[in-house]
Amino acid sequence: MINYLNEADIAVTVCDKDGIIIEMNEQSKKVNQKPGQNLIGSNVLDCHPEPARSMLKEMMEKQTKNAYTIEKNGVKKLIYQIPWYEEGSYMGFVELSMIIPFEMPHKIRVPKTE
């Protein structure tokens, strides 16, 4: 994991094209692993119950992205799941998970005209 992401307040989980988890930053380990557990080397599909498991499997097969919000234990999160590529070749999937406020501003930025 790139060092500047290791302590970031966002969970970053990376798997290869077979679904094997190859990287997790510290926040991902904190929210996804039980004490003493190491998920690196395990299959990301085994970490998701149905119907999320089937949906993630299909996203990985079709290389599509997915973005949504969830609420759990009074915390709202944005989940962003995307395929990653190296020199144009599909290499696997990345999941970003971050805590967001329940109410947050939405800004529309209009490009400057000359």
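In this predicted model, Ile79 has a bridge partner in strand S5, and that partner is Ser97. This pair belongs to a longer run: strand S4, spanning residues 75-86, lines up with strand S5, residues 89-100, in the antiparallel sense, with 11 bridges between the two.

Step back a little and S4 and S5 turn out to be part of an open sheet of 5 strands. Reading across, the order goes S2-S1-S5-S4-S3, and the pairing is antiparallel. Strands in a sheet are held side by side by backbone hydrogen bonds, and the pairing can be either parallel or antiparallel. At the edges sit strand S2 (21-24) and strand S3 (66-72), each with a pairing on one side only. The sheet isn't flat-on from strand to strand either: ignoring direction, neighbours are turned by 20° against each other on average. Helix H3, made of residues 52-62, packs on this sheet and touches strand S1 (11-16) as well as S3, S4 and S5. The direction of H3 makes about 135° with that of S5.

Then there's the largest pocket, which holds about 890 Å³ of space. Its lining counts 31 residues, and the ones closest to the centre are Asn32, His48, Ile70, Lys72 and Glu95. Who chips in? Two or more lining residues come from each of S1, S2, helix H2 (26-32), H3, S3, S4 and S5. Edge strand S3 gives the largest share, with 5 residues. As for chemistry, the lining splits into 20 nonpolar, 7 polar and 4 charged residues.

Conventions:
Residues numbered from 1 in each chain as written. Predicted model: local features only at pLDDT ≥ 70, side-chain atom pairs only at ≥ 80, totals over all residues. Heavy atoms only, no water. Pairing = 2+ DSSP bridges. Helix = DSSP H or I, 4+ residues; strand = E, 2+ residues; numbered from the N terminus. Axes fitted to C-alpha atoms, helices over the stretch in contact; angles between N-to-C directions. Contact = heavy atoms within 4.5 Å. 1 Å grid on protein atoms, 1.4 Å probe; cavity = no way out; pocket = protein on both sides within 12 Å on 5 of 7 lines; lining within 4 Å. Points joined across faces, edges and corners; volume = space filled by probe spheres on them. Nonpolar A, V, L, I, M, F, W, Y, C, P; charged D, E, K, R; others polar.
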